[in-house]
Amino acid sequence: MHISKTYSLQDIVVTWSTRSSTNQSLVNFAQDYVHDALSSVSGSWQFFQDGGKQGRSQYIHKVTLSSLKPNTRYEYSCGSDLGWSAVYSFKTPPAGENWSPSLAIYGDMGNENAQSLARLQQDSQLGMYDAIIHVGDFAYDMDSNDARVGDEFMRQIETLAAYVPYMVCPGNHEEKYNFSNYRARFNMPGDGDSLWYSFNMGPVHFVSFSTEVYYFINYGLKLLTKQFEWLERDLAEANLPENRAKRPWIITYGHRPMYCSDDKEYDCNAKLETYIRKGLPTLEWFGLEDLFYKHGVDVEFFAHEHFYTRLWPIYDFKVYNGSAEAPYTNPKAPIQIITGSAGCKENREPFSNDLPSWNAFHSNDYGYTRLKAYNATHLHFEQVSDDKDGQIVDSFWVIKDKHGAYN
């Protein structure tokens with residue numbers, strides 16, 4: 001069971017799977033499940049067969065609940081005449097842009113050693129988040145043991161994802177069988193097969209993309225070019241003056257980082273270059289750093305490396321702080337955050353002994369990032385350490401009086 005957002009603030013998508021065909025995909029819901037008359041919505045299902053030797057199959061169901069009331073708690077269950085789930089709940093966001101969404105953001109959480117999961121579950125049950133963003137690498141891996149590990153992982157995150165919209169992007173650990181487990185199990189907005197999409201929350205326009213189209217080109221270059229063209233359109237529209245007036249913040253997330261804090265990271269060559277930043281050797285015009293800079297992206301989240309790193313505002317390996325006294329007040333380049341320390345069986349990642357000058361803060365404690373978008377001018381970030389029993393090991397504000405292209 002998990003829920004996700006759509007392009008509309010008033011809609012929620014409910015997704016679940018069954019081992020057998022039910023011929024129905026139904027969600028019953030009400031503000032009070034016991035005392036109110038239940039509304040019933042029908043959806044669709046697809047047959048999914050894993051690419052492993054056993055060819056294990058399941059039926060994945062999708063139901064969209066439309067035109068929900070803003071700022072309202074709903075209770076729901078899903079199933080069919082053959083059986084129903086437990087009753088879960090979610091809260092819809094307020095209407096419009098003038099509210100302050102709170103999110104948990106992290107990547108690289110596995111089925112084994114998911115150390116941050118219990119704390120995230122508790123946070124979610126306390127109503128701390130309006131959405132959760134998982135920046136790639138799930139389960140380690142969803143296809144493992146003929147997709148049994150994927151099934152177990154989806155059950156593990158149910159105590160988060162059935163209550164709070166669980167927004168995702170693909171990582172390198174989803175690659176097997178052309179990302180088939182990832183594509184089938186998650187339903188993100190738009191028609192990008194959950195590989196790329198965007199959505200709005202309060203004063204923020206969130207943009208999700210796949211870094212993996214730069215690395216697994218055996219599946220074809222068309223995905224890379226199609227995504228880049230979509231990103232150009234989406235960011236250009238989000239950066240229009242009338243849209244920035246409504247939603248001034250643009251925040252992106254993709255799995256592999258543009259800059260490596262570990263100079264032994266296999267994605268980087270001797271100059272710490274990445275394909276994400278500069279493009280492929282023969283396709284350099286598809287690099288993303290110039291595109292994000294041009295359209296005034298404010299903050300970029302990445303994961304992949306199993307630690308937390310906050311960078312100074314950076315473009316082309318140069319630091320562009322707002323000022324020496326207040327580096328994140330009116331910064332002159334995007335701010336990048338690597339948050340890949342939620343916990344997995346590959347354990348922690350060491351930092352280089354010689355950290356680059358653009359490294360502002362780092363920690364390899366297990367944990368996750370919190371974001372609160374207070375208003376049009378202020379964002380607040382915290383890094384939660386699960387090793388230190390929930391202690392905040394890093395916190396900072398980003399303050400901007402004006403949003404838009406940096407050049």
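**Burial, helix 5 and cysteines**

Trainee: What makes Asp123 buried?

Mentor: Asp123 has a relative accessible area of 5%, and buried means under 20%, with exposed over 50% and partly exposed in between, for a 1.4 Å probe and protein chains only, so Asp123 counts as buried. This is a predicted model, in which local features need pLDDT of at least 70 and side-chain atom pairs count only at pLDDT 80 or more, while totals for chains, interfaces and linings use all residues. Residues are numbered from 1 along each chain as its sequence is written, and side-chain values use heavy atoms, leaving out hydrogens and water.

Trainee: Which residues is Asp123 in contact with, leaving aside its neighbours within four places in sequence?

Mentor: They are Met128, Tyr129, Tyr368 and Arg370, where contact means heavy atoms within 4.5 Å.

Trainee: Why are Leu224, Gln227, Phe228, Trp230, Leu231, Asp234, Leu235 and Ala238, which are buried in helix 5, said to be on the same side of the helix?

Mentor: They cover an arc of only 170 degrees around the axis, which puts them on the same side of helix 5; the arc is that of the directions from the helix axis to the C-beta atoms. On the other side of helix 5, Lys222, Arg233 and Glu237 are exposed.

Trainee: How do you know that Cys169 has no bond to Cys344?

Mentor: A disulfide is a pair of cysteine sulfur atoms within 2.5 Å, whereas the sulfur of Cys169 is 15 Å from the closest cysteine sulfur, in Cys344, and is therefore too far for a bond. By this rule the count is 0 disulfides.

Key: Helix = DSSP H or I, 4+ residues; strand = E, 2+ residues; numbered from the N terminus.
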